[in-house]
Amino acid sequence: MHNLSRKRIWVAGHRGMVGSAVVRRLQSEGCEVITAGRETVDLMRQTQVESFLADTKPHVVVMAAAKVGGILANDTQPASFLYDNLMIEANIIEAAHTNEVERFLFLGSSCIYPKFAPQPIPEDALLNGPLEPTNEWYAIAKIAGIKLAQAYRKQYGRDYISAMPTNLYGPGDNFDLNSSHVMPALIRKAHEAKMRGDKSITVWGTGTPRREFLHADDCADALVFLLKNYSGEEHVNVGSGEDVTILELTQLVCDVVGFTGEIVHDLTKPDGTPRKLMSADKIRDLGWRPSIGLQEGVETTYRWYRDLSN
Ligand code: GDP
C-alpha cells in the first residue's frame, strides 16, 4: 500500500533496542534514514523538535524514542515515566503534523492494557479496566500517545498509526539490573553466576507470571510491514502469540548460558501483572508472522551480551 523507497524516514530513538533494529531493517527498503542523537535534538524540548523537522522534512516518522524500564524503575520513578513520555510524544506528533509528515508510527506496549484484560488480549481491550499499578505512569503516557495519533487522524486527516509491541528483547537491550526488563536481567545474572561459580541465581517474584517475548529484529520487521501495509485508527498488536512463565524463561536462559545452579526466588520483589499475552490475530490476518523462535533469540542475544562483556 505504501512504498517506502526513496522516502526520507526519521527514526526517533535510533540508539535504543527497537530504534536500532528499525534502522537495520530499513536498509533494504531503498529509503533514506535520518537520525538525530540527543546532543542534536532534545526530544523533551518542543522548539528543538520543531526546528529539526522543519530542517529535515521527513516523509515518515517512526517513534521509537521513549523512557522505558522494567518493573522496579517504573514503580520508583513515576514522574519521569509520565512526564518524559508525554513530552516526547506530544512534541514529535505536533511537529510532524505541522511539517506535513505523511506517515507517523507510534509505539505503545503490551503493558498498557488493563491488568486483568482477557487473554490473549485483543486490541479493543485497551481502556477497558484498571491498569497494573506498578506501571500505570508509563501506561497513561503511552495511551495518550495512541490517542494523539487517533486525534490527528480524526481532526486533520493524518495517516498516523500505532503498534503495540509485546515484551521485546535482543541486542542493544538494557542489562542494568536495577532498571532492566526480565530477559536481559536473567541473561546477565546467569552469565555472572556461571563466571563466579555461584551455586544459585535469584529471580524476582514467584516465577509464575506469564510473559510473551519477541525479538527486536522481528518487531522491527513487523513495524516496517505495518508502515507499508496498514492504515487505520486502531493500534495493532505486535507479538508472537505465545507466552512462557518467568520460571520457564529462567530455565531456558540457564540452559543457553550453561548455568546449572539453583534458582532462588526473591519474594520481596513484585510479580507485576499475572499474564499479558496479546492476541496476534490482527497482524497475522494482515499477513505478518515472526521468524525468530525464543530459544534462537536467547542464544543470539546471549552471544551479543557475552561479546560485549568480555
Ligand atoms: P513487566 O513485564 O512490566 O512486569 O516487567 P519486567 O520485565 O521487569 O518483569 C517481568 C516479570 O519478571 C516480573 O514478574 C518480574 O518480577 C520478573 N522478574 C524475575 N526476575 C527479574 C529480574 O531480575 N529483573 C526484572 N526486571 N524482572 C524480573
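Student: Which atom of the ligand does a polar side-chain atom of R211 lie 2.8 Å from?

Tutor: Good place to start. Bear in mind that this is a predicted model. To read a polar contact, look for a pair of N or O atoms within 3.5 Å. Here, a polar atom in the side chain of R211 lies 2.8 Å from an oxygen atom of the ligand. N167 also offers a side-chain N or O atom, 3.4 Å from a ligand oxygen. With S180 the contact comes from the backbone: one of its N or O atoms is 3.0 Å from a nitrogen atom of the ligand.

Student: How much of the ligand's accessible area does the protein cover?

Tutor: On its own the ligand has 540 Å² of accessible area, and the protein covers 96% of that.

Student: How many residues surround the ligand, and which are the closest?

Tutor: There are 16 in the shell, with V182, K189, R211, P270 and D271 the closest. Sorted by class, eight are nonpolar, four polar and four charged.

Student: Which element gives the largest share of the shell?

Tutor: That is α6, with three residues. Helix α6 spans 182-196, and both it and β7, at 200-204, supply at least two shell residues each.

Student: Let me turn to the strands. Why is β5 said to be largely enclosed by the rest of the structure?

Tutor: Count its buried residues, where buried means under 20% relative accessible area. Strand β5 covers residues 159-165, and seven of the seven are buried, so the rest of the structure largely encloses this strand.

Student: Which residues of β5 point one way, and which the other?

Tutor: The general idea first: side chains in a regular strand alternate between the two faces of the sheet. In β5, one group is D159, I161, A163 and P165, while Y160, S162 and M164 point the other way. Both groups are buried.

Student: In what sense do β4 and β5 pair, and over how many bridges?

Tutor: Strand β4, residues 103-107, pairs with β5 in the parallel sense, and five bridges link the two. You can find one partnership by looking for F106, whose bridge partner in β5 is S162. Between these strands the chain passes through helix α5, residues 136-156, making a right-handed β-α-β crossover.

Student: Over how many bridges does β5 pair with β9?

Tutor: Three, again in the parallel sense, with β9 at residues 236-238. Within this pairing, A163 is opposite V236 of β9.

Student: Is L105 buried or exposed?

Tutor: L105 is buried, since its relative accessible area is 0%. You will find L105 in strand β4. Try locating L226 as well: it is 121 residues away from L105 along the chain, yet their C-alpha atoms are 8.6 Å apart.

Student: What should I look for in the backbone angles?

Tutor: Most residues other than glycine have a negative phi, and most peptide bonds are trans. Exceptions are worth a look. The bond from Q119 to P120 is cis, with omega near -10 degrees. P120 sits in the loop between β4 and α5.

Student: Which residue has a positive phi of about 65 degrees although it is not a glycine?

Tutor: That is R6, in the segment before β1. R6 counts as exposed, at 73% relative accessibility. E100 is also a residue other than glycine with a positive phi, near 60 degrees. Look for E100 in the loop between α4 and β4; with 52% relative accessibility, E100 counts as exposed.

Key:
Residues numbered from 1 in each chain as written. Predicted model: local features only at pLDDT ≥ 70, side-chain atom pairs only at ≥ 80, totals over all residues. Heavy atoms only, no water. Buried < 20%, exposed > 50% of the residue type's maximum accessible area, 1.4 Å probe, protein only. Helix = DSSP H or I, 4+ residues; strand = E, 2+ residues; numbered from the N terminus. Pairing = 2+ DSSP bridges. Right-handed = clockwise from strand over helix to strand, strands pointing away. Near = heavy atom within 4 Å. Polar contact = N/O pair within 3.5 Å; in protein donor to acceptor, adjacent residues only side chain to side chain. Areas by Shrake-Rupley, 256 points an atom, 1.4 Å probe, with all protein chains shown as cover. Nonpolar A, V, L, I, M, F, W, Y, C, P; charged D, E, K, R; others polar.
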